[in-house]
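Hi everyone, thanks for coming. I'd like to walk you through one protein chain today, so have a look at the picture first.

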Amino acid sequence: MAPKVLALHYLLTLTITLILTFSSAGSHSFATKSSRAALGLKEEKITHLHFYMHDVFGGPKATAIPVTKVLDNNTFYGGLYMADDPLTLGPRRDSKPVGNGGGTYAFPSPKDFVLEMNYNLGFTHGDYNGSSLCLMGRIAPKSIVNEMAIVGGTGVFRFASGYAVTKRVVLDFKAQVVVREFNVYVSHY
């Protein structure tokens with residue numbers, strides 16, 4: 001009698017396990033729909049940020065260093081740089097700091113003096129302390145004005161989009177310094 005009960009118990013357990021396994025297989029999904037309210041997002045707003053970036057590309061206090069060797073000295077083709085540039089309220093390096101801009105920039109063209117930037121703005125002061133924005137774009141260093149896309153953000157800038165207009169205010173090859181004014185227009189919640 002005991003073996004029949006044991007076999008019945010085994011069959012019942014196996015049946016329940018199979019039913020639960022196959023009935024729940026379709027209920028798990030890689031993606032689910034959500035809403036702004038569920039994420040705690042409020043009404044969308046646009047914020048204008050204005051600051052200066054100080055890029056020192058040589059010397060003992062360099063904020064941008066080469067990672068690869070440049071293949072062409074005219075276009076910097078093949079060059080890859082890593083940067084950690086101070087961001088300040090004013091154009092002078094000793095102006096009040098607002099954060100750091102860091103990332104990589106590469107010179108992808110053997111014909112043109114252009115660079116592709118992946119640049120993250122990390123804010124360390126004020127209402128945006130601890131928040132960041134991620135920018136990407138193609139920059140022509142000889143152009144005075146360039147534009148980059150905002151492709152995301154963190155903290156206050158979650159779900160960020162928008163653009164940044166940069167204007168070169170200093171280009172000093174002897175001192176190996178570039179200062180760019182940033183006007184950033186960011187849409188966020």
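Before anything else, one bit of vocabulary: helices and strands here are DSSP runs, with at least four residues for a helix and at least two for a strand, and they're numbered from the N terminus. With that in hand, we can place a residue I'll come back to: phenylalanine 157 is in the loop between E7 and E8.

And please keep in mind that this is a predicted model. How confident is it? The mean pLDDT of the protein chain is 87, with 85% of the residues at 70 or more. Confidence is lowest in helix H1, residues 2-24, where the mean is 61, and highest in E7, at 97. Where pLDDT is low, the predicted coordinates shouldn't be read in detail.

Okay, the overall layout. The chain has 1 helix and 9 strands. Going along the sequence, the pattern reads α-β-β-β-β-β-β-β-β-β. Of the 189 residues, 34% are buried. If you take the contacts with a separation of 6 or more, 48% of them are between residues 24 or more positions apart. The accessible surface is about 12,100 Å², and carbon and sulfur atoms account for 61% of that.

Now let's zoom in on the last strands. E7, residues 145-154, and E8, residues 161-172, run antiparallel and are joined by 6 bridges. As an example, methionine 148 has alanine 164 in E8 as its bridge partner. E8 also runs antiparallel to E9, residues 177-188, and there we find 11 bridges. In that pairing, serine 161 sits opposite serine 187 in E9.

Next, the turns. The hairpin of E7 and E8 has 6 residues between the strands, and glycine 155 there has a positive phi near 65°. Phenylalanine 159 is in that loop between E7 and E8 too, and its phi is near 65°, a positive value in a residue other than glycine. What makes that worth a second look? Most residues other than glycine have a negative phi.

The hairpin of E8 and E9 has 4 residues between the strands, and in it glutamine 176 takes a positive phi near 60°. So is glutamine 176 buried, exposed or partly exposed? Glutamine 176 counts as partly exposed because its relative accessibility is 29%, and the partly exposed class lies between the 20% and 50% cut-offs.

Back to phenylalanine 157, as promised. Its relative accessibility is 0%, so it counts as buried. Which residues does phenylalanine 157 touch, leaving out those up to four places away in sequence? They are Leu49, Phe123, Tyr128, Ser131, Ser132, Leu133, Val186 and His188. Take serine 132: it's 25 residues from phenylalanine 157 in sequence, and the two are 6.7 Å apart, C-alpha to C-alpha.

Last stop, the surface. Ile65, Val67 and Met82 make a nonpolar surface patch of about 260 Å². Where does valine 67 sit? Look in the loop between strand E2, 64-66, and strand E3, 80-88. Valine 67 is partly exposed, since its relative accessible area is 48%. Set those two side by side: phenylalanine 157 is buried, whereas valine 67 is partly exposed.

That's my tour, so go ahead and spin the model around to find these residues yourselves.

Technical notes: Residues numbered from 1 in each chain as written. Predicted model: local features only at pLDDT ≥ 70, side-chain atom pairs only at ≥ 80, totals over all residues. Heavy atoms only, no water. Patch = residues over 30% accessible without salt bridge, like charges linked within 9 Å, V, L, I, M, F, W, Y side chains within 5 Å. Areas by Shrake-Rupley, 256 points an atom, 1.4 Å probe, with all protein chains shown as cover. Salt bridge = Lys/Arg side-chain N within 4 Å of Asp/Glu carboxyl O. Buried < 20%, exposed > 50% of the residue type's maximum accessible area, 1.4 Å probe, protein only. Contact = heavy atoms within 4.5 Å. Pairing = 2+ DSSP bridges. pLDDT = per-residue confidence, 0-100.
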